[in-house]
Amino acid sequence: MILRPLLTLGALLFLVGCHRTLDQGSGVTIETDILPRPVRTGPASVSLKIMDDHKKPLAGARVELEGDMSHPGMAPVFGEAKEAAPGYYRGSLRFTMAGDWVVLLHLTLADGRVLERQVPVNGVGSH
Ligand SMILES: [Cu+2]
């Protein structure tokens with residue numbers, strides 16, 4: 001199986017890179033960019049580029065954003081990313097507390113496929 005090392009490498013790049021690329025085998029690649037960098041409490045802009053397995057932009061997706069922290073008693077935050085150009089989506093989330101977050105991307109593609117991806121956002125700073 002050649003897929004496994006590729007996925008591992010992908011996960012590694014994903015952790016260290018600012019421009020994050022995820023491909024978990026569905027054939028859909030999502031690049032996520034969260035600004036400002038470093039992320040601080042308050043509003044953050046979340047940009048996504050969604051591509052098929054030929055790196056062609058996937059237009060017409062519905063993208064819901066959810067931000068979670070791991071500790072109990074913490075309410076998630078929600079947002080929606082709107083399509084700014086075919087395959088490019090932009091939205092915002094408000095990080096309400098400093099610390100480690102995970103941004104969940106809930107995607108419904110134009111063809112009806114439903115995907116979920118996780119983007120760790122560690123070390124959100126306080127103002
Ligand atoms: Cu918290």
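I count two rings of Phe, Tyr or Trp as a pair if their centres lie within 6.5 Å, and I call the pair edge-to-face if the planes are over 60 degrees apart. The model I am reading is predicted.

**Aromatic rings.** I searched with this rule and got 1 aromatic pair. The ring centres of Phe95 and Trp101 are 5.1 Å apart and the planes stand at 70 degrees, so I entered the pair as edge-to-face. I then checked accessibility and found both Phe95 and Trp101 buried.

**Copper site.** I next looked up which protein atoms serve as donors to the copper ion. They are SD of Met69, NE2 of His71, SD of Met74 and SD of Met97, at 2.1 to 2.5 Å from the ion. The angles subtended by the 4 donor atoms run from 98 to 121 degrees, so I noted the arrangement as tetrahedral.

I wrote the sequence spacing of the donor residues as M-x1-H-x2-M-x22-M. I placed His71 in the loop between β4 (62-69) and β5 (77-85), and Met97 in the loop between β6 (88-95) and β7 (99-108); the pair therefore ties together parts 26 residues apart in sequence.

Are His71 and Met97 buried or exposed? I found His71 partly exposed, at 31% relative accessible area. Met97 is also partly exposed, at 34%.

**Confidence.** I read a mean pLDDT of 86 for the protein, with 80% of its residues at 70 or more. Over residues 1-19 pLDDT stays under 50, and for this stretch I noted 16 contacts beyond four places in sequence.

Methods. Residues are numbered from 1 along each chain as its sequence is written. This is a predicted model: local features need pLDDT of at least 70, side-chain atom pairs count only at pLDDT 80 or more; totals for chains, interfaces and linings use all residues. Side-chain values use heavy atoms; hydrogens and water are left out. Rings of Phe, Tyr and Trp (its six-membered ring) pair if their centres lie within 6.5 Å; planes under 30 degrees apart count as stacked, over 60 as edge-to-face and the rest as tilted. Buried means under 20% relative accessible area, exposed over 50%, partly exposed in between (1.4 Å probe, protein chains only). Donors are N, O and S atoms within 2.8 Å of the metal (3.2 Å for Na, K and Ca); water is not among the atoms, so sites may look incomplete. Four donors count as tetrahedral if all angles lie between 85 and 135 degrees; four count as square planar and six as octahedral if opposite donors are over 155 degrees apart and all others between 65 and 115; anything else is irregular. Helices (H or I, at least four residues) and strands (E, at least two) are DSSP runs, numbered from the N terminus. pLDDT is the predictor's confidence in each residue, from 0 to 100. Contact means heavy atoms within 4.5 Å.
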